[in-house]
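Open the structure in your viewer and switch to a cartoon view. The tour below goes from one selection to the next and says what is there.

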Amino acid sequence: MLLEVRDLHVEFRTRDGIAKAVNGVTFGVDAGETLAVLGESGSGKSVTAQAVLGILDTPPGRITGGEIQFQGQDLLKLKEQERRRIRGARMAMIFQDALSALNPVLSVGAQLSEMFTVHRGMSKKDAKAKAVELMDRVRIPAAAARAGDYPHQFSGGMRQRIMIAMAMALEPALIIADEPTTALDVTVQAQVMDLLAELRRELGMGLILITHDLGVVADVADRIAVMYAGRIIESAPVHDIYKAPAHPYTKGLLASIPRLDQKGQGLYAIQGLPPNLMAIPPGCAFHPRCPMAQDICRAEEPPPAEVDADRGSACFYWRETLDA
Ligand SMILES: Nc1ncnc2c1ncn2[C@@H]1O[C@H](COP(=O)(O)OP(=O)(O)OP(=O)(O)O)[C@@H](O)[C@H]1O
Ligand SMILES: [Mg+2]
């Protein structure tokens, strides 16, 4: 396995108290596999990604437990300098907002070239040629002519392509994309997502794709992990989850996707709000919003149940949910 995260815990100490953002997350990503991580705002998706990359805001954030194994190394035992060497070269991140992730005062060609001069010791001339080649590869029109342009001179979709090029530059084994297309309009979203999927396939990388959008997931992901209140509450191969979710929360999420064949019907929305992470409800964190909740759900935290060899649900009533 390329990446194995085991029982990860992350807290944020703030003036108002301790926010328990990640509460025992376990998952793995194989080489060449795409894992989609889904969940409402505040469920701990980005914090999990930041912990894996080693870019967590510390303080106020703190990893309070768990293990992150990457290519046979326990990342949490490495020094910052060693983590930095892994970042970019062996794992890379694609952010939602390219404009703030890219350097505004450096041309995109220079930023891409730097990857090769700094990490690969290439000459300036060779690095420049590689930069243009990469821009071509992510289909920036007239790449050679545009290498001297600055980030703000590109459209949102083109900027996102440049960030993908930066992430891919050193051919890392793992890419984490955090809502990579959320800021784009729908047609551009699809193009950027297709490009990402295509490059991932060509380079055989592992990909963690964080998204709110269940619509895009079906086409590109192999597996889905659904997060709620800092836990993975369901994890399964993508087709199994679409066919029959094994957790009421996943079921609610699926029911809230607009479908062309059900025009006119109101969209289902999960009632209530995600919990305050400083006061997560006892038992199952989802119980206050769950249509299936019973006494046991209010009292005990459901252990991960094995639905199938490669499928798990943290619900006492996963069988009933699956059959309903
Ligand atoms: N820098 C920070 N300082 C304090 N608390 C933080 C910080 N970053 C994250 N948190 C806490 O962790 C929680 C989870 O945040 P995270 O960014 O992982 O959510 P998310 O699932 O990525 O949501 P979204 O879909 O909105 O991006 C937040 O609700 C907040 O309570
Ligand atoms: Mg996020």
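**Two helices side by side**

Where helix 4 passes helix 7, the crossing is right-handed. Bear in mind that this is a predicted model. To see the crossing, select residues 108-120 for helix 4 and residues 156-168 for helix 7. Their axes lie 9 Å apart and make an angle of about 15°. An angle under 35 degrees counts as roughly parallel, and helix 4 and helix 7 are therefore roughly parallel to each other.

Now show the side chains where the two helices meet. On helix 4, select V108, Q111, L112 and M115; on helix 7, select I162, A165 and M166. Colour this contact by residue type, and the count is 6 nonpolar, 1 polar and no charged.

**The sheet of 4 strands**

Next, look for the open sheet of 4 strands, whose order is 2-1-4-5 and whose pairing is antiparallel. Which strands stand at the edges? They are strand 2 (17-29) and strand 5 (73-74); each has a single partner strand, so one side of each is left without a neighbour in the sheet.

Strands of a sheet pair through backbone hydrogen bonds, so it helps to show the backbone atoms here. Select residues 3-14 for strand 1 and residues 61-70 for strand 4: the two run antiparallel and are joined by 8 bridges. Two pairs to pick out are H9 with its bridge partner G65, and E11 with its bridge partner R62.

Go on to strand 5, which pairs with strand 4 over 2 bridges, again in the antiparallel sense. Q69 stands opposite D74 of strand 5. Strand 4 and strand 5 form a hairpin, with 2 residues between them. Click on Q71 in the turn: its phi is positive, at about 45°.

**The sheet of 8 strands**

Zoom out and find the second sheet on this tour. It is an open sheet of 8 strands in the order 6-7-8-3-9-10-12-11, with mixed pairing. At its edges are strand 6 (91-94) and strand 11 (305-308), each of which pairs on one side only. Look along the sheet to see the twist, which averages 25° from one strand to the next.

At one edge, select strand 11 together with strand 12 (residues 311-313). These two strands run antiparallel and are joined by 3 bridges. E306 has G312 of strand 12 as its bridge partner.

**Helix 1**

Keep the 8 strands on screen and add helix 1. Helix 1 lies across strand 3 (34-38), strand 6, strand 7 (174-178), strand 8 (206-211) and strand 9 (223-228). Beside strand 7, helix 1 runs at about 150°, and an angle over 145 degrees counts as roughly antiparallel.

**Around ligand 1**

Finally, select ligand 1 and the 16 residues around it. Which of them come nearest? They are A21, S41, G42, S46 and V47.

Colour the shell by element of structure. Strand 1, strand 2 and helix 1 each supply at least two of its residues. Helix 1 gives the most to the shell, with 3 residues. Then colour the shell by residue type: 6 of its residues are nonpolar, 8 are polar and 2 are charged.

Note on methods
Residues are numbered from 1 along each chain as its sequence is written. Chains are lettered from A and ligands numbered from 1 in the order in which they are written. This is a predicted model: local features need pLDDT of at least 70, side-chain atom pairs count only at pLDDT 80 or more; totals for chains, interfaces and linings use all residues. Two strands pair if DSSP finds at least two bridges between them. A residue is near a molecule or strand if its C-beta atom, placed from the backbone, lies within 6 Å of it. Ala, Val, Leu, Ile, Met, Phe, Trp, Tyr, Cys and Pro count as nonpolar, Asp, Glu, Lys and Arg as charged, and the others, Gly among them, as polar. Axes are lines fitted to C-alpha atoms, for helices over the stretch in contact, and angles run from 0 to 180 degrees between N-to-C directions. Two residues are in contact if their C-beta atoms, placed from the backbone, lie within 7 Å. Angles under 35 degrees count as roughly parallel, over 145 as roughly antiparallel, 65 to 115 as roughly perpendicular and the rest as oblique. A crossing is left-handed if the near helix is turned anticlockwise from the far one by less than a right angle, and right-handed if clockwise.
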